[in-house]
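Here are some comments on the model, set out as numbered points for your consideration.

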Amino acid sequence: MLPKMRRLILTPFRHLCRMALRIIITGLIVMACLMVVSRSLGLPVPGPSELLDKFKNVSQLADILS
């Protein structure tokens, strides 16, 4: 009885983990392609430090508004 319950619980969890991993990998690939295309077209692409600064500003704004 216990192995059946374990399988019933673990099977959907495995599928969710696989789906999440696929989504993350696909998102990273799409982001990399967009960055390459943007740079080849001469568009300004922010660096990682600029993105982190903007994220901190959004967090501060959320703190102020709450």
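1. How many disulfides does a search of the whole structure find? In this predicted model, the search returns 0 disulfides. Two cysteines deserve a remark here: Cys17 has a relative accessibility of 39% and counts as partly exposed, because the value falls between the 20% and 50% cut-offs. Cys33, with a relative accessible area of 45%, is likewise partly exposed.

2. As to the secondary structure, the protein chain has 2 helices and 0 strands. Helix α1 takes in residues 2–40, and Met5 lies within this helix.

3. On burial, the protein chain has 66 residues, of which 3% count as buried. The accessible surface of the chain comes to about 6,400 Å², and carbon and sulfur atoms account for 74% of that area.

4. A surface feature that you may wish to inspect is a nonpolar patch of about 330 Å², which is made by Met5, Leu8 and Ile9. Met5, the residue already placed in helix α1, has a relative accessibility of 41% and therefore counts as partly exposed, since exposed would require over 50%.

Technical notes. Residues numbered from 1 in each chain as written. Predicted model: local features only at pLDDT ≥ 70, side-chain atom pairs only at ≥ 80, totals over all residues. Heavy atoms only, no water. Disulfide = S-S within 2.5 Å. Buried < 20%, exposed > 50% of the residue type's maximum accessible area, 1.4 Å probe, protein only. Helix = DSSP H or I, 4+ residues; strand = E, 2+ residues; numbered from the N terminus. Areas by Shrake-Rupley, 256 points an atom, 1.4 Å probe, with all protein chains shown as cover. Patch = residues over 30% accessible without salt bridge, like charges linked within 9 Å, V, L, I, M, F, W, Y side chains within 5 Å. Salt bridge = Lys/Arg side-chain N within 4 Å of Asp/Glu carboxyl O.
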